[in-house]
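Work through the exercises below with the sequence and the model open, and try each task before reading its solution.

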Amino acid sequence: MLALSTNDHDSSGLAENISDMSEYSEDEILFQIKELELEEWYKTHPQLPRKIDKRVLKRFIYVNNGNLEETKRLLELNYKMRNQYANVFIERDPLDEASKQYLNLCDIIPLPSLTKDNCSVVLYRLRDRSVDKFNFIDSVKCFFMMLDTRSIYDEISDGEIAVIDMSQCTLRHVSKITFSLLRIQTKFVQEALPSKIKGVHFLNSPPFMENVLRLLKLFLNSEIIQMMNFHLTNWDKFYEFVSKDILPLEYGGKAGKLCDLRNIWLKRLKDQRSYLMSPEYWIIDDSKIMKSSSSSSSSSSSSSSSLSINNNNSRLIKNLQVLNID
């Protein structure tokens, strides 16, 4: 049986709280209708993971501006890629020795507030220059584990901004990048992530930055390349994109010490270990595709699901009329 989960707290649907309809705006009500429709669609596709967090489901709807067909396509692509590259997305543990070593070596820290343009910001930086400790597969796995953890904590934003501090990076680090893994990482971020890239900022750009850029151009589309900004020692332009109010003290900001922000997210990563490792949230079963397709046209359960969502929509529309919302 498929289950919609909130992982650590209940998030009841609008249909179960009809008496509170007056508390919602028109856009919020219409978004809730989309949620109900997508939940019903998800339940009738047993090949998808048995569970999905409702907060994650909302992200997929939001990034597609409520277009449910595009949302379904993105959901299916997201899970398809995760299962195609299970060594990156599924065979993972935030507390294994490889992950702990990498997270002691590098920071992947979502900042505590959104930008003035309603964008989320994630700060990436090496804390230790030791090249021997740097392993690219571990960096990619930790990168996606942190993004998956953040997706059930942070509020939904209008886009993503990456801030990459290059001060501890050397050419020897760059030489350890595996092309096949970089291709997987960039393809997923550009095509399967339930979020839009809005900017990439490199701080303390080193002399070999041109080499890095030539490498990235092999895998990133031109739109993202054009979003890249390079900052040396003068960060005035950078602060126009990411204000000091949301940056750590070490970056001239007012959002607290970097070590405190790091500890918050390392704890969250640890707390969500079971979520990150549970097959129920990530594994697809392609053997159920045909079974699902054939049964959907004849089974009474499918009719019941359709009737249920139609009834939910009818109740919501009726309440819209009561609220005098066209």
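**Exercise 1: a serine in a loop**

Ser 157 lies in the loop between helix 6 and strand 5 (160-165), where helices (H or I, at least four residues) and strands (E, at least two) are DSSP runs numbered from the N terminus. This is a predicted model, in which local features need pLDDT of at least 70 and side-chain atom pairs count only at pLDDT 80 or more, while totals for chains, interfaces and linings use all residues. Residues are numbered from 1 along each chain as its sequence is written, and side-chain values use heavy atoms, with hydrogens and water left out.

Task: decide whether Ser 157 is buried or exposed.

Solution: Take the relative accessible area of Ser 157, which is 7%, and compare it with the cut-offs, namely buried under 20%, exposed over 50% and partly exposed in between (1.4 Å probe, protein chains only); Ser 157 is therefore buried. Next, follow its side chain, which reaches the backbone oxygen of Gly 159 at 2.9 Å. Finally, leaving aside neighbours within four places in sequence, list its contacts (heavy atoms within 4.5 Å), which are Tyr 62, Leu 114, Asn 118, Cys 119 and Ser 120.

**Exercise 2: the span of a helix**

Task: find what span helix 8 (residues 179-191) should have at 1.5 Å a residue.

Solution: The expected span is 1.5 Å times one less than the number of residues, so the 13 residues of helix 8 should span 18 Å, in agreement with end C-alpha atoms that are 18 Å apart. Then locate its buried residues, among them Leu 181, Ile 184 and Phe 188; the buried residues of helix 8 pack against elements including helix 3 (68-84) and strand 6 (197-203).

Note on methods: A polar contact is a pair of N or O atoms within 3.5 Å; within protein, one must be able to donate a hydrogen and the other to accept it, and residues adjacent in sequence count only if both atoms are side-chain atoms.
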